[in-house]
Structures are given as structure tokens and as C-alpha cells.
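Hi,

Here is the structure I promised to pass on. Have a look at it first, and then read my notes below.

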Amino acid sequence: MDLLRSLPIGLYLEQPQTWLHKLDPRVKLIWLMSFLTTYILANNLWRVLLVVLLIIATLIARIPRKVWQQQMGLVLTASFFILVILPITPDGLGIKYQPRLPINQQVLTEQSASTPSTPAALSANKHEGYKYVLFDKGSIKVTRRSLDLAITASTMLFTLIYSSNLYLLTTATEEITAAIESLMQPLRRLKLPVTEITLTLTLSLRFIPLVLEEIQNLIRSVMTRAINWKKLGLKGAVKVWMLVAERLLENLLLRAEQMASAMTVRGFTSPSEHRVQWHDLRLRRGDWLAIAILILFWGVRLAIGTEV
């Protein structure tokens, strides 16, 4: 159950302070959004490059190995299983592939010998080696579509989970809140409660580790009682887990009440009256370098990463 503490949700590494920690949270948030959006309508080469970039960024940031090894290992293992299983599963196309050339090619041979080569014919000759079925032996069949789906799904899973994990690992909750509030400042003109939204986000991020801790403690309490599940049967097991869920809800409500009481004691009345100073945002030389690399990143994406 200690695995719950290493989930890529709400985990922040306080020490050591890497160069990723020192970047402005707004710049890191824009980088995160870029990783989460550039794989849309992208080819498989770009999606694989995103995975490589995330791994390289983790290594050159000198994050302790014990911190990222388990998290990256879990995500890589899940992505690897998807990459292995999806190619040998049906690709979703209910067609039976057959060669496009007729069995008797005498007419085509005579016509090609009597007519000069055209650009269309030359381009057709370049694709003579094209095969839709890449591997077919016994019950295992790998097609181009199934392989493409496997690469897309595995790289997308790794990019979505690990990019978010890396951002949370190197950015404190207050920095995330300050970055979102700063980027949402134009929405104040539409009379949207920006401060209330960011405050809710901060409390949610603070509350996630508490939820994981309560779940871990309750499951450990059930395991230490050595319950004989075979004697209980299905109905008895459902009753036990319903009691555990009820106790979990009570504990979470108690934690929420304690958090509200702590805010009240500290004089917090409402975001509109109580000034919330999240973090001092300031762009430094490293942030401008990261912005320049981000522009280059999008240029490379538009140049070689667009799916044709």
C-alpha cells in the first residue's frame, strides 16, 4: 500500500532543488500544455520524440533516481504492455486484405512495355513493396493500422501521465496556483471569480494526499484484522467494504472541516476581502531561455511532426 504515496498525483520534491524547480511556474505550465497538445494530429515520430524528451529532461535535471525510477517504471511498463498487446489484436477494420494487382499480369506487362514511363507510373513503382499486413503467422497478425494504434496509445499514455507527474514533482502547490491565477488575469474583465477558482484548485491539490493517506490507513486496518473472506462470502464482503467506504467518507469530511477551521482561525473570510499572496512571480534569464526553446519546439512540431 506504500505504492499510493508514489502515485504521480500531488507529489512535490522539496529537496534537492533542480533547475526545473527554479523555472517560473508559468513557463513550466505552458510547457506542460505544449506536451499535452502537440501530440494531437501528430505523426508517430513526433509522439516518440515527446517520450524521449521527457526521459532526457528527467535525467538532465538530476532528480534523484529513487524518486523517478518507480514512477517512470510503472508508466513505462504500462506503455510497453500496450505496445506489445495492441499490434496483435484486431485493428478494427473488418476487411480481408488482398493484392490489388490481378493474377494475370500479362496485359499490364504488355501495356507498360509499349508505353513510356509517366510520373504516375514511376510513383507507383516506388510503392511496390507496400504491405498492409506486416506479420502473419498462425494466430498472430500484425497490420499497419494495429501497429500505428499501438504506438499512438502507448506514447500518449506516457506523455499524458508522466508530463503531469514531472510538473507536479518540480512545482509547489502555491506556485501552480500563482501561475494559473496570473495566466487567468484577462478573465477578470468577464467578471469571473479567478481568485476563488485558484483557491479551490489549491485546496484540491492539498486534499489529494490526505485522501490517499486515508485510503491507505483504512485498507491496512482491514488487512491487519485477518478477515476470512471465503467464510464471509460475497454478501459479507460487500458489507465490509461498504463500512470501509462509509468510514472513509467520514474521515474525509472531518479533514475538510479541520481545514476550514484552520483557515477561519487565520482570519480568512473570503478571497475578495482576504489578500492571497501565493508566490512572487518573476521571469529570469533561464525562463527566457526556456521560452526561446519552446518557440523552437513548436517550430519543429509544425515542420516534421504534423500527420500527413
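The buried residues of α9 are covered by elements that include α8 (173-183) and α10 (229-265). Bear in mind that this is a predicted model. The buried set in α9 is Val 194, Thr 195, Thr 198, Leu 199, Thr 202, Leu 205, Phe 207, Leu 212, Glu 214, Gln 216, Leu 218 and Val 222.

I checked the length of α9 as well. The helix runs over residues 194-224, 31 residues, so at 1.5 Å a residue it should span 45 Å. Its end C-alpha atoms are 46 Å apart, which agrees. There is a kink, though: about 25° at Phe 207, shortly before the proline Pro 209. After the helix comes Ala 226, which has a positive phi, near 50°.

How do α9 and α10 pack, in angle and axis distance? The angle is about 145° and the axes are 10 Å apart. Their crossing is right-handed. On the α9 side, the contact is made by Leu 199, Leu 203, Phe 207, Leu 210, Val 211, Glu 213, Glu 214, Ile 215, Leu 218 and Val 222. From α10, the contributors include Trp 229, Trp 241, Arg 247, Leu 248, Arg 255 and Met 263. So Phe 207 turns up three times in these notes: as the site of the kink, among the buried residues of α9 and in the contact with α10.

Now for the aromatics. The structure holds seven aromatic pairs. One of them is Trp 31 with Phe 35: the ring centres are 5.9 Å apart and the planes sit at 35°, so the pair counts as tilted. Both residues belong to helix α2 (residues 25-37), four residues apart, or about one turn of the helix. Trp 31 has a relative accessible area of 17% and Phe 35 one of 10%, and with the cut-off for buried at under 20%, Trp 31 and Phe 35 are both buried.

Phe 297 and Trp 298 make another aromatic pair, this one edge-to-face, with 6.5 Å centre to centre and 85° between the planes. Are these two buried or partly exposed? Phe 297 is buried, at 7% relative accessible area, whereas Trp 298 is partly exposed, at 32%.

The two pairs also belong together: Trp 31, Phe 35, Phe 297 and Trp 298 join Trp 46 in one aromatic cluster.

Cheers

Conventions
Residues are numbered from 1 along each chain as its sequence is written. This is a predicted model: local features need pLDDT of at least 70, side-chain atom pairs count only at pLDDT 80 or more; totals for chains, interfaces and linings use all residues. Side-chain values use heavy atoms; hydrogens and water are left out. Helices (H or I, at least four residues) and strands (E, at least two) are DSSP runs, numbered from the N terminus. The expected span of a helix is 1.5 Å times one less than its number of residues. The bend at a residue is the angle between axes fitted to the seven residues ending there and the seven starting there. Buried means under 20% relative accessible area, exposed over 50%, partly exposed in between (1.4 Å probe, protein chains only). Contact means heavy atoms within 4.5 Å. Rings of Phe, Tyr and Trp (its six-membered ring) pair if their centres lie within 6.5 Å; planes under 30 degrees apart count as stacked, over 60 as edge-to-face and the rest as tilted. Axes are lines fitted to C-alpha atoms, for helices over the stretch in contact, and angles run from 0 to 180 degrees between N-to-C directions. A crossing is left-handed if the near helix is turned anticlockwise from the far one by less than a right angle, and right-handed if clockwise.
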